[in-house]
Amino acid sequence: MSRNTIADIITSIRNADMDIKSVVRIASTNIIENFVKILLREGFIENIRKHREKNKFFLVLTLQHIRNKKSFLNLKQISRPGLRIYSNSQRIPRILGGMGVVILSTSQGIMTDREARLERIGGEILCYIW
């Protein structure tokens, strides 16, 4: 596993979606848990279970598929270790006119673009989901 945990999550979910797999298993950290909770809250994944093997915790994500077809989940990583992208609350981009979700890492934690605009907080743009 690399040091870019957000990229690892996005890649795992995207690969499982392209293979029409309904379950993804990823290592659990606080950042990953908060990121996945946003995906669940926004309706991009169906369920989250925390699983323990020996002394390590894993998250088991259940993706939404319709009759063994690929879902229309698109994820794009924006900020990366070599190039961090930051935005203030007024300049947070809107994806598909507000239909998509921008996930940001702020001083108040990981949140969506709508929550960041309401709180008037800017931060690092992690990814776009539509």
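Select S87 to begin: at 12% relative accessibility this serine counts as buried, since the cut-off for that term is under 20% relative accessible area. The model on screen is a predicted one, and the stops below move from this serine to another polar residue, then to the domains, the cores and a pocket.

S87 sits in strand β5, which covers residues 86-87. Show its side chain together with the backbone that follows, and two polar contacts can be drawn: the side chain of S87 reaches the backbone oxygen of R91 at 3.1 Å, and it also reaches the backbone nitrogen of I92 at 3.3 Å. If you then display what surrounds S87, leaving aside neighbours within four places in sequence, the residues in contact with it are I92, G122, G123 and I125.

Keep G122 and G123 on display and add T106, which is found in strand β6 and is in contact with M111, I121, G122 and G123 when its neighbours within four places in sequence are set aside. T106 is buried as well, with a relative accessible area of 11%. Its side chain also has backbone partners: a polar atom of the T106 side chain lies 3.2 Å from the backbone nitrogen of Q108, and a polar atom of that side chain lies 2.7 Å from the backbone oxygen of G109.

Now step back and colour the chain by its domain assignment, which gives domain 1 (5-63) and domain 2 (75-129). The C-alpha centres of domain 1 and domain 2 are 20 Å apart, and the contact between them takes 13 residues from domain 1 and 13 residues from domain 2.

With those colours kept, select the largest nonpolar core, a set of 25 residues in which I13, I26, F35, L39, L61, I103 and I129 have the most contacts. The elements that each give two or more residues to this core are α1 (5-18), β1 (23-27), α2 (30-41), β3 (56-63), β6 (101-106) and β8 (123-129). Both colours should appear in the selection, as the core draws at least three residues from each of domain 1 and domain 2. In soluble globular proteins, nonpolar side chains tend to be buried together.

Centre the view on I13, which, residues up to four places away in sequence not being counted, touches V24, L39, L61, L63, L73 and L75. Apart from this core lies another one, of nine residues, and I92, V102, L104 and A116 are among them; I92 is a residue already met as a contact of S87.

Return to the largest core and pick I26, which is found in strand β1 and is buried, with a relative accessible area of 5%. Setting aside its neighbours within four places in sequence, I26 is in contact with I9, S12, I32, V36, F58, L59 and L61. A distance drawn from the C-alpha atom of I26 to that of I6, 20 residues apart along the chain, comes to 11 Å.

I6 leads to the last stop, the second largest pocket, in which about 180 Å³ of space lies. This pocket is lined by 14 residues, and those closest to its centre are N4, T5, I6, R84 and L126. The elements that give two or more residues to its lining are α1 and β8, and both of these elements also give two or more residues to the largest nonpolar core.

Methods
Residues are numbered from 1 along each chain as its sequence is written. This is a predicted model: local features need pLDDT of at least 70, side-chain atom pairs count only at pLDDT 80 or more; totals for chains, interfaces and linings use all residues. Side-chain values use heavy atoms; hydrogens and water are left out. A nonpolar core is a set of buried Ala, Val, Leu, Ile, Met, Phe, Trp, Tyr and Cys residues joined through side-chain atoms within 4.5 Å. Buried means under 20% relative accessible area, exposed over 50%, partly exposed in between (1.4 Å probe, protein chains only). Helices (H or I, at least four residues) and strands (E, at least two) are DSSP runs, numbered from the N terminus. Domain bounds come from an automatic or database domain assignment. Contact means heavy atoms within 4.5 Å. A polar contact is a pair of N or O atoms within 3.5 Å; within protein, one must be able to donate a hydrogen and the other to accept it, and residues adjacent in sequence count only if both atoms are side-chain atoms. On a 1 Å grid over the protein atoms alone, a cavity is a set of points where a 1.4 Å probe fits but cannot get out, and a pocket is an open set with protein on both sides within 12 Å along at least five of seven lines; lining residues have an atom within 4 Å of a point. Grid points are joined across faces, edges and corners, and a volume is the space filled by probe spheres set on the points.
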